[in-house]
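Trainee: Could you take me through one part of this protein slowly? I'd love a close look at the sheet and whatever packs on it.

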Amino acid sequence: MLLELRSRPEFDEQDDADTAAVERDLYRRLDMFSGDDDVIVALGIAAAGYWKPESIEVSIDKIRKQWKPLDITSEGIAREDFSRFQRLWYSFKIPYAHASLVWWCLFCRALGRGDSVDRALHRMTRWLGMLEPGVDPPTLAALSHEMGLRHSKTVLTEAETTDVDALATAVHAGALFLPAPHTRNDLWRGRRVAVGALEAAARRSWTELPGEERNELLATLARRVTQVERMRFLMDETVLDNRGVSAVVANCAEQPVADWSPARLALVTLLRCWHEAGFVLQEMNQTLVSFPALALFLTRKDAAYGEGLPDQGPADLLDGDPVRYAQHLRVLRQRAEATYERCLHFDGSNWERREFLLPRAIYRRRQLLPEGLCAHLYAQTGAEPPSREGTGEAWDAFLERALEAGSTPTRVIQECAHWAANAEDLPVDIAVFTVPHGTKLQQPWTMEFTDLFCYTGFRDGFDCAAFGITAGRVGMYNIIAQRMRYNAVKKAQNYAPVMRFAPQGFNLPDIAIAEDANHGGHAASGIRLACRLPLTVHHRGKDWNGLGDVRLNRCLYRPENRFRPRDMVLGHRYTQWAKGIADATYRRDLTFDAKWTGKVTDLTP
């Protein structure tokens with residue numbers, strides 16, 4: 001069911017239109033498979049010289065018109081080649097769901113020379129650099145000769161990411177394939193980039209760091225990558241997870257910068273840019289790490305963060321220094337965060353992430369308390385909210401009424417969770433509210449698991465067995481609560497003067513699919529689709545981030561059941577409620593019921 005924001009009195013048609021635009025852009029970047037993928041893969045194999053059909057036009061036409069799974073054997077393509085190039089093309093498209101066909105053609109021709117993937121990426125980068133001074137006849141002749149082409153004939157395209165016909169023509173003719181001069185900056189969203197200068201500028205930037213400072217920075221990067229969520233980078237077709245990346249960084253620390261391979265230099269430079277700019281590193285998950293990919297990511301971030309900001313024009317990367325550009329990006333990101341809420345889409349099946357920006361004026365808008373909630377709270381606590389404003393002051397006044405009526409902060413937040421699990425305008429199966437118990441808030445880094453309160457509200461009539469969940473509601477609660485408390489305690493270490501253990505990074509609001517694909521706890525508790533909304537609690541003049549959140553879950557995995565950005569907007573009201581109740585509780589030096597800070601044997605409120 002597609003819900004419209006304007007069904008709520010706080011939102012209007014423009015809010016729906018703005019949110020819909022965010023969703024369209026996000027889904028465009030998530031649509032990783034196009035009708036031309038098989039053709040592009042086959043052309044890549046042909047460009048590498050691994051496939052030589054009698055008539056490439058006829059073969060490509062047959063592939064395009066396939067109405068059933070492609071029979072690559074009948075086309076004369078080796079299965080192992082098709083599988084390999086298919087994986088490479090997919091990685092090329094991360095994280096935009098499209099890629100430069102010019103880069104793809106150059107890369108595949110480099111592979112055809114017997115290069116490894118890393119060497120082919122390096123050669124592709126150098127070839128792109130050769131074209132930057134201008135496409136003159138001597139340059140074309142030199143490039144054609146180095147590629148082993150029969151002549152310097154050139155095919156130009158005005159649509160670098162979609163012109164498959166031009167790619168086919170270039171591959172068939174053994175010609176160079178280049179973007180038309182007047183479209184050369186389209187790939188970079190109007191930013192001018194010196195691709196050929198990237199590697200030298202990055203190596204120079206690392207070399208100019210004093211040895212002690214460089215080693216300290218590398219140690220910091222090696223440590224930080226082990227503290228963030230799962231990474232999956234590709235180096236020479238080898239998948240590197242967090243520990244693998246950390247090992248590469250540690251190895252670099254033992255060698256002079258001059259001895260770092262181009263691939264390792266690109267990887268540690270990506271990490272350094274992340275350290276400087278503060279972007280979401282895992283957006284690069286499953287990509288082939290290279291300097292062109294890094295430059296494209298940085299300039300696309302410049303476009304994403306700069307759009308909508310007053311007097312913010314495109315920033316060029318003509319000096320080729322990605323670290324300097326990342327420092328510029330940090331300032332731009334901070335400016336954007338004043339106007340936009342940075343959010344994530346997460347795919348648990350492959351660890352891919354996509355960042356998207358919701359206008360803060362929409363996402364953080366104060367939402368009125370629904371009449372249904374007020375009636376529910378009155379029925380369960382004997383008190384009714386004195387106003388429908390939903391402000392911290394209103395929740396404080398309501399908690400006072402609830403206490404006078406003989407209720408407790410625990411019962412109030414539990415009933416909010418129950419109502420959220422049954423909300424008609426945002427259907428879910430489970431609503432999980434997590435906040436500090438109310439102890440150790442002056443020094444949250446000293447918290448243990450039992451210092452966190454977690455409560456799960458279930459949709460009325462929710463049947464665990466219907467979703468294949470054998471744990472039952474009590475088991476589901478214990479699995480979920482254990483993880484929520486673990487997350488909060490790990491995040492609290494970010495505040496520690498001396499950390500007891502490695503911290504966990506603070507989360508951005510996110511929506512997730514396939515949560516159970518690679519997570520045993522999620523599989524056991526039926527968490528398949530999720531909407532995670534962090535909150536900040538206040539205690540005696542200090543705001544603590546990362547110690548609480550609200551999580552909404554759906555147990556039935558269907559495409560139409562996935563959470564959308566607009567669901568995050570509606571769901572944000574729950575963080576307002578949880579924060580209002582928690583802050584009012586701590587203000588009175590009260591705590592939530594200790595029963596819900598550990599393993600339970602029943603779910604009786």
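Mentor: Sure, let's start with the strands: 7 of them form an open sheet, in the order β6-β5-β9-β10-β11-β7-β8, with mixed pairing. Strands here are DSSP runs of E with at least two residues, helices are runs of H or I with at least four, and both are numbered from the N terminus. Two strands pair if DSSP finds at least two bridges between them. At the edges you'll find β6 (352-359) and β8 (452-458), each with a single partner strand, so one side of each has no neighbour in the sheet. On average, neighbouring strands are turned by 20° against each other, ignoring direction. Before we go on, remember this is a predicted model: local features need pLDDT of at least 70, side-chain atom pairs count only at pLDDT 80 or more, and totals for chains, interfaces and linings use all residues. Residues are numbered from 1 along each chain as its sequence is written, and side-chain values use heavy atoms, leaving out hydrogens and water.

Now zoom in on β10 (residues 529-539) and β11 (residues 542-554): they run antiparallel and are joined by 11 bridges. Look for A530, which stands opposite N553 in β11.

Next, the helices. Helix α1 (residues 13-30) packs on the sheet and touches β5 (340-347), β6 and β9 (510-513); contact means heavy atoms within 4.5 Å. The direction of α1 makes about 165° with that of β6. Such angles run from 0 to 180 degrees between N-to-C directions, with axes fitted as lines to C-alpha atoms, for helices over the stretch in contact. Helix α19 (residues 472-492) lies across β7 (430-436), β8 and β11, at about 145° to β8.
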